[in-house]
Structure formats: C-alpha cells, structure tokens
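User: I should like to work through a protein structure step by step. Please show it first, and then let us take up its features in turn.

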Amino acid sequence: MFKVIIKDTYDEVSKEAFKVMKAVLDEKKDAVLGLATGSTPIGLYQEMIKDHKENGTSYKDVITFNLDEYVGIPQDHRESYYTFMHKELFDYIDCPEDHIHVPYGAGEDPEADAAAYEAEIKKYQVDIQLLGIGSDGHIAFNEPGTPFDSETHVAQLAQSTIDDNCRFFDNDPSQVPTKAVTQGIATIMRAKKILLVATGANKADAVYGMLKAEKSTDCTASALQDHEDVVVILDKAAAAKVN
Ligand code: GLP
C-alpha cells in the first residue's frame, strides 16, 4: 500500500524522508537499514548526519545493506557505490565498518559474490529500505524486464541508465560500467517498510508507472504495488503525472 507525500522542494522531500527514517531508528536502535545511492538520497543523508551530530542519534548497533554496486571498477574508485556511501554518509556517523554491507562488484566472479550477498541479507529482515527510482522505472539496478522473483544478481544496465549516469563519469558513456551486482525485486520486497524518494521532471513517467500503471516488469518499481507499507515522497515535478 502506497502513502504518497508531495512536497514543494528537494529540501522538504529530504526532511520528510528523514522523519520516516528517524521514526524507525527511534523504535529500534539495532535497526537494519537498506540504503541507496543516486543523487536523490543525498539530502536525507545530510539530515541523518546533522541529527547524529546535534542529537547524538547513534548507529553503532545499526546494520546496513546497500542495494547495488557497479561491476568492473575497483571498490576504491571515486564513483563506486562503496565510495559514495562512505563519502555521503558512513564517514560521518558511528556505524561500525563491519556492520556495513555493500555488494562487491570488483571480484573475479560477480555471480558468486551476488549469491553470497543474497545469502547474507537473508539472515536479516530489513526494517526500512530506502529507494530512489531510475528514469526508466528501475529500483536498484532492476532494469525493465527483470522478473519480480529475482534475488541479488548481476544485471546489465539499460542504455538509458548508462546515459543518465554518465554525468558522474566525465560525461563519457564509455566510462560507465555496463553491469552491476544488484539486489533483486524479491530481495527488496522482503523489507518491512519501503521509503522511496523521487524528485525532478525526468522521474514523472517512472513515478506514474510505479503508482498508476498496471503492474508490469516494464517498470520494475510497479512491483511495489504489492508491498504492504511503502511511503513515497515526491516533489511537484516528479508528481506531475499522478496528481
Ligand atoms: C542508479 C541507482 C538507483 C537510483 C537511480 C536514480 O541507477 N542504481 O538505485 O535510484 O540511479 O538516481 P538519481 O537519484 O541520481 O536520479
């Protein structure tokens, strides 16, 4: 079931998302957080860092699982999702490094690493899974056509995703990795609660596909129509086609 909240600005979206995240942390100090990359969650991470600094909210008993990681770039690459998460969040909170899980995409056998990640995340239940959405409706790196029963796997990135993400790779699509290790749709759906944030006009079609179109792997975010507890926080531009 979706609860949709529409805000005027990116800043307000981030603050509203923080309230949802904080409620989970307040209830359970050893919460299992599912975290996401992309530019959209950065404002929420800044709110979490500020709150940690000012109010002392602690992450020392928290466990985290990230959604995805590029295949074929080293973990310490400036654009790896491992680096992103440290730079945008983990370096500023007190979550122990051994509580942090980010899929490993730099190994010899990414399929085996994907299977190992799925086995690890299965030992837990994610209390809240944060998601962004791709302009083609993907969640994590589950591109159109990915089956809803998929678990963590190696995915081929859609050309539109490569084009979207080339802004982080010197605007050069040939530098963008073409594959990723990603949690599957079924992995994501096991989370107790989902928090999805989307802003900007280039997300309006994807948001429509998730909320209003018939459930279909053409827009993998539409799988969330079957989840019991999804909070969707949008700005007006991303909500333009669902209002
Ligand atoms: C990437 C990530 C997704 C993310 C999407 C949108 O493809 N794998 O998890 O939701 O980008 O990113 P942004 O928030 O930068 O638009």
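**Salt bridges and helix packing**

Analyst: In this predicted model, the side chains of Lys15 and Asp11 meet in a salt bridge, with 3.1 Å from N to O.

User: How far apart along helix α1 are Lys15 and Asp11, in helical turns?

Analyst: Both residues belong to helix α1, where they are four residues apart. Lys15 and Asp11 are therefore separated by about one helical turn.

User: Is Lys15 buried, partly exposed or exposed, and what of Asp11?

Analyst: A residue counts as buried under 20% relative accessible area and as exposed over 50%. Lys15 has a relative accessibility of 38%, so Lys15 counts as partly exposed. Asp11 has 43%, and therefore Asp11 also counts as partly exposed.

User: How many salt bridges does the model contain by this rule?

Analyst: Side chains of opposite charge can pair when their charged atoms come close. The rule asks for a side-chain nitrogen of Lys or Arg within 4 Å of a carboxyl oxygen of Asp or Glu. Lys60 and Asp61 form one such pair, their closest N and O atoms being 3.8 Å apart. By this rule the count comes to 19 salt bridges.

User: Asp170 forms a salt bridge with Arg78. How many residues apart in sequence are the parts that this pair ties together?

Analyst: The closest N and O atoms of Asp170 and Arg78 are 3.5 Å apart. Asp170 lies in the loop between α5 and β8, whereas Arg78 lies in the loop between β4 and α3. The pair therefore ties together parts that are 92 residues apart in sequence.

User: Which of these two partners counts as exposed, and which as partly exposed?

Analyst: Arg78 has a relative accessibility of 43%, so Arg78 counts as partly exposed. The value for Asp170 is 54%, and therefore the residue that counts as exposed is Asp170.

User: Which residues are joined into one network by salt bridges that share partners?

Analyst: Some salt bridges have partners in common, and in this way they join four side chains into one network. The residues of this network are Glu118, Lys122, Glu151 and Arg190.

User: Let us turn to the helices. How are α1 and α2 oriented to each other?

Analyst: Helix α1 covers residues 10-27 and helix α2 covers residues 42-55. They pack with their axes 8 Å apart, at an angle of about 55°. The crossing is right-handed. An angle of this kind lies outside the parallel, antiparallel and perpendicular ranges, so α1 and α2 are oblique.

User: What classes of residue make up the contact of α1 with α2?

Analyst: On the α1 side the contact includes Tyr10, Phe18 and Met21, and on the α2 side it includes Ile42, Leu44 and Met48. By class, the contact has seven nonpolar, two polar and four charged residues.

User: At roughly what angle do the axes of α2 and α3 cross?

Analyst: The axes of these two helices come within 10 Å of each other. Their crossing makes α2 oblique to α3. The contact is made by Ile42, Tyr45 and Ile49 of α2 with Phe84, Met85 and Glu88 of α3. The axes cross at roughly 45°.

User: Is Val62 buried or exposed?

Analyst: Val62 is found in the loop between α2 and β3. Among the residues that Val62 touches are Leu25, Leu33, Cys95 and His99. Its relative accessibility is 0%, and Val62 therefore counts as buried.

Terms used
Residues are numbered from 1 along each chain as its sequence is written. This is a predicted model: local features need pLDDT of at least 70, side-chain atom pairs count only at pLDDT 80 or more; totals for chains, interfaces and linings use all residues. Side-chain values use heavy atoms; hydrogens and water are left out. Axes are lines fitted to C-alpha atoms, for helices over the stretch in contact, and angles run from 0 to 180 degrees between N-to-C directions. Angles under 35 degrees count as roughly parallel, over 145 as roughly antiparallel, 65 to 115 as roughly perpendicular and the rest as oblique. A crossing is left-handed if the near helix is turned anticlockwise from the far one by less than a right angle, and right-handed if clockwise. Contact means heavy atoms within 4.5 Å. Ala, Val, Leu, Ile, Met, Phe, Trp, Tyr, Cys and Pro count as nonpolar, Asp, Glu, Lys and Arg as charged, and the others, Gly among them, as polar. Buried means under 20% relative accessible area, exposed over 50%, partly exposed in between (1.4 Å probe, protein chains only). Lists of a residue's contacts leave out its neighbours within four places in sequence.
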